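Hi,

Here is the model I promised to pass on. Have a look at it first, then read my notes underneath.

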Amino acid sequence: PPHVAEVLNARAKVGEGAVRALLERGQASGEVDRASDARALASMIVALTYGIHVMARLHSDRRSLQAAAGEAVEALFRA
């Protein structure tokens with residue numbers, strides 16, 4: 001239903017905004033590359049999080065989920 005979609009979209013935006021704020025704080029401290037697009041990185045992190053959540057619901061094993069999350073984190077720090 002439309003009202004459920006609105007609630008889910010609002011929650012996603014809040015979560016993505018929080019991740020973006022953390023990335024921007026990391027950019028200010030030098031922990032995150034300042035040349036990176038914090039908005040795009042936040043969107044990617046949220047998408048990866050949703051993807052891992054869906055994989056977990058499809059009964060993926062814990063080890064493969066942890067490996068996927070680990071690779072995502074490593075990719076962020078290589079960027």
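Below is what I found, starting with how to read the model.

This is a predicted model, so to speak with its own ground rules: local features need pLDDT of at least 70, side-chain atom pairs count only at pLDDT 80 or more, and totals for chains, interfaces and linings use all residues. Residues are numbered from 1 along each chain as its sequence is written, and side-chain values use heavy atoms, with hydrogens and water left out.

Helices first (DSSP runs of H or I, at least four residues, numbered from the N terminus). Helix α1 covers residues 2–29. Its 28 residues should span 40 Å at 1.5 Å a residue (times one less than the number of residues), and its end C-alpha atoms are 41 Å apart, which agrees. After α1 comes Gly30, with a positive phi near 90 degrees.

In α1, the buried residues (under 20% relative accessible area with a 1.4 Å probe, protein chains only; exposed is over 50%, partly exposed in between) are Ala12, Leu23, Gly26 and Gln27. They pack against α2.

The largest nonpolar core (buried Ala, Val, Leu, Ile, Met, Phe, Trp, Tyr and Cys joined through side-chain atoms within 4.5 Å) has six residues: Leu23, Val32, Ala38, Leu41, Ala42 and Ile45. Helix α2 (residues 38–57) gives the largest share, four residues. Beyond its neighbours within four places in sequence, Ala38 is in contact (heavy atoms within 4.5 Å) with Arg20, Leu23, Glu24 and Gln27.

Ala47 is also in α2, and counts as partly exposed because its relative accessibility is 48%.

Cheers

Note on methods. Helix = DSSP H or I, 4+ residues; strand = E, 2+ residues; numbered from the N terminus.
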